[in-house]
Amino acid sequence: MADTSVNSFPTNAFEPLVVEQDIQGISRPSLSYWQDAWLRLKANHRALVSLWIVISLLLFTFLGPVLWTVDPTVQDVEQISQAPGADRTVTLVDEYTVWQGSSNTADEGLQLIGTATTQHVRLTWGDFSPQYGYRVYRTPYASGPEQAFGLPLAITNKPFFEDRLDLHPMSYFYNIVALDHNGNDTNQYETIKTNVSRVITIEEARERGLVGSLESPLPGTAYELAFHPLGTDYLGRDMLARLMHGARISLFIGFFAPLLYVLIGVVYGSTAGFVGGVTDQFMMRFADFVVALPFLLFMILFKVMTNTGPGESGILPMLFAMVVLLWPATARLVRGQILQIREEGYISASRLLGAKTNYLVLRHMIPNTMGVILVTITFAVPSAIFTEAFLSFIGMGVAPPTPSWGSMCNDGIKTMLTHPHELIFPAAFISVTVLAFNMLGDGLRDALDARMRNRE
């Protein structure tokens, strides 16, 4: 029989086998939820550019008026509706003297007497045949076959005319049309083109600070008027200053209103989602009822309730209408998140440990919905800015002379064809702001989504 005793096995038969090998561990630094969200937000170049645009807008709004101290309500009557980079040169002239007219012959035709300036344009012409008087027209455009002569200035029996009506440094076409015995225009007319130059009297130059009080400048001396980087509007007000002060109104409504109605929606939606049952159904049906209310109608009712008359600012009724009517969307979103979170295991564990309702909502549920809340606010801001711009554009929001981007667009559309910069600049600020907040909200949505972290 074979010997199967233990002594036949080697002494190290049951010792653990040690294998030497290089073990490389792949480690990732421990990051909090917000640190990881910031890293993913920085990786989104569009969202990062949008964030810098938003920061630049805030600096433009609050730091800009400190650096550019021009009063947005002051009118520069010498530079009305001036585009950026327009000629600011003004020539000094003597005080105005009354013109008694000038004789002319029929062979000489329509002529300009002297130089056409913003002080006066003097014209003379010969007699037309037949001659029952003349009607003087002025237009910035050349008249075609349709004989669109422009603005009628005067009817006169004398062969000369002096124009002093709201002259600007630009080109004008003057049309002198002969009248028949009934006072109607005939086919007999003459046209002349004039290039009006900007002038200023010595007294006006002293009032504007272009010359010293003790200085005696000579007529013909050229000066530079006040500098307006973005031009002026139809009343001669500085566009840059009005955009800065208008941004305060637009961004105030854009930030303050969403914060209020999002806060109401968070409290309302979290309460409905956590309590559940009949209370949840009743609260959400009330939210559906609020959604069905017409915003514009209630805006008008709130203006009546607050005794906001024509020409008065409608900021308060606008804020009230937004806060009262726009919270249901946030409430629905937060309610859905709360319904999902309250079924998680850590909520049940907290209940077993004796956690009360207030603690569960404030400590667990709302913090876990902060990502959704921040994204909601980010998307609500451009919506509020656009709503303010729309209401101000139709005359129901911010009233003149208080500037806002929407009211500036309302003013600019009146001169859109002749002076487009009055509409382009405020419309561009609205568009850039809305686009930047929308792209930032899209980036925050991806950065704060926990599921995105698991996919990387």
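## Salt bridges

Twelve salt bridges turn up in this predicted model. In one of them, the side chains of Asp76 and Arg208 meet with N and O 3.0 Å apart. Asp76 sits in the loop between α3 (64–67) and β1, and Arg208 in the loop between α4 (202–207) and β10, so this pair ties together parts that are 132 residues apart in sequence. The two partners fare differently when it comes to solvent: Asp76 counts as buried because its relative accessibility is 6%, under the 20% cut-off, whereas Arg208, at 34%, counts as partly exposed.

Another pair is Arg88 with Glu224, where the closest N and O atoms are 3.8 Å apart. Arg88 belongs to the loop between α3 and β1 and Glu224 to strand β10, so here the parts being tied together are 136 residues apart in sequence. Both ends are partly exposed: Arg88 has a relative accessible area of 23%, and Glu224 has one of 44%.

## A small charged network

Asp233 and Arg237 make a salt bridge too, with the closest N and O atoms 2.8 Å apart. Are these two residues buried or exposed? Both Asp233 and Arg237 are buried. The pair doesn't stand alone, either: Asp233, Arg237 and Arg242 are linked in a network of salt bridges. As a general point, side chains of opposite charge can pair when their charged atoms come close.

## The cavity

Two members of that network, Asp233 and Arg242, also show up in the lining of the largest cavity. The structure holds one cavity of 30 Å³ or more, and the volume of the largest cavity is about 50 Å³. Besides Asp233 and Arg242, the residues around the largest cavity are Met239, Met408, Asp411, Gly412 and Glu422.

Which elements give two or more residues to this lining? They are α5 (239–275) and α13 (405–412), with α13 providing the largest share, three residues. By class, the lining of the largest cavity splits into four charged residues, two nonpolar and one polar.

## The β9-β1-β10 sheet

Now back to β1 and β10, the strands mentioned with the salt bridges above. They belong to an open sheet of three strands in the order β9-β1-β10, and the pairing is mixed. The edges are β9 (199–201) and β10 (222–224), each with a single partner strand, so one side of each is left without a neighbour in the sheet. From one strand to the next, the twist averages 40°.

Strand β1 (residues 89–93) and β10 run antiparallel and are joined by three bridges. Glu224 comes up again here: this residue of β10 is the bridge partner of Thr89. Glu224 is also the residue that forms a salt bridge with Arg88.

## The β2-β3-β6 sheet

A further open sheet of three strands has the order β2-β3-β6, this one with antiparallel pairing. Its edge strands, β2 (111–113) and β6 (160–163), each pair on one side only. The twist in this sheet averages 30° from one strand to the next.

Between β2 and strand β3 (residues 121–124), which run antiparallel, there are three bridges. What is the bridge partner of Leu112 in β3? For Leu112, the partner is Leu123.

## The second largest pocket

The second largest pocket holds about 500 Å³ of space. Its lining is made up of 17 residues, and those nearest the pocket's centre are His168, Met170, Tyr172, Thr418 and His419. Sorted by class, the lining of this pocket has eight nonpolar residues, seven polar and two charged.

## Two positive phi angles

Most residues other than glycine have a negative phi. Ser81 goes the other way, with phi near 55°. Its place is in the loop between α3 and β1, and Asp76 of the first salt bridge lies in the loop between those elements as well. With a relative accessibility of 9%, Ser81 counts as buried.

Asp166 is another non-glycine residue with a positive phi, in this case about 45°. You'll find Asp166 in the loop between β6 and β7 (171–179), and β6 is an edge strand of the β2-β3-β6 sheet.

Definitions and conventions: Residues are numbered from 1 along each chain as its sequence is written. This is a predicted model: local features need pLDDT of at least 70, side-chain atom pairs count only at pLDDT 80 or more; totals for chains, interfaces and linings use all residues. Side-chain values use heavy atoms; hydrogens and water are left out. Two strands pair if DSSP finds at least two bridges between them. Helices (H or I, at least four residues) and strands (E, at least two) are DSSP runs, numbered from the N terminus. Axes are lines fitted to C-alpha atoms, for helices over the stretch in contact, and angles run from 0 to 180 degrees between N-to-C directions. On a 1 Å grid over the protein atoms alone, a cavity is a set of points where a 1.4 Å probe fits but cannot get out, and a pocket is an open set with protein on both sides within 12 Å along at least five of seven lines; lining residues have an atom within 4 Å of a point. Grid points are joined across faces, edges and corners, and a volume is the space filled by probe spheres set on the points. Ala, Val, Leu, Ile, Met, Phe, Trp, Tyr, Cys and Pro count as nonpolar, Asp, Glu, Lys and Arg as charged, and the others, Gly among them, as polar. A salt bridge is a side-chain nitrogen of Lys or Arg within 4 Å of a carboxyl oxygen of Asp or Glu. Buried means under 20% relative accessible area, exposed over 50%, partly exposed in between (1.4 Å probe, protein chains only).
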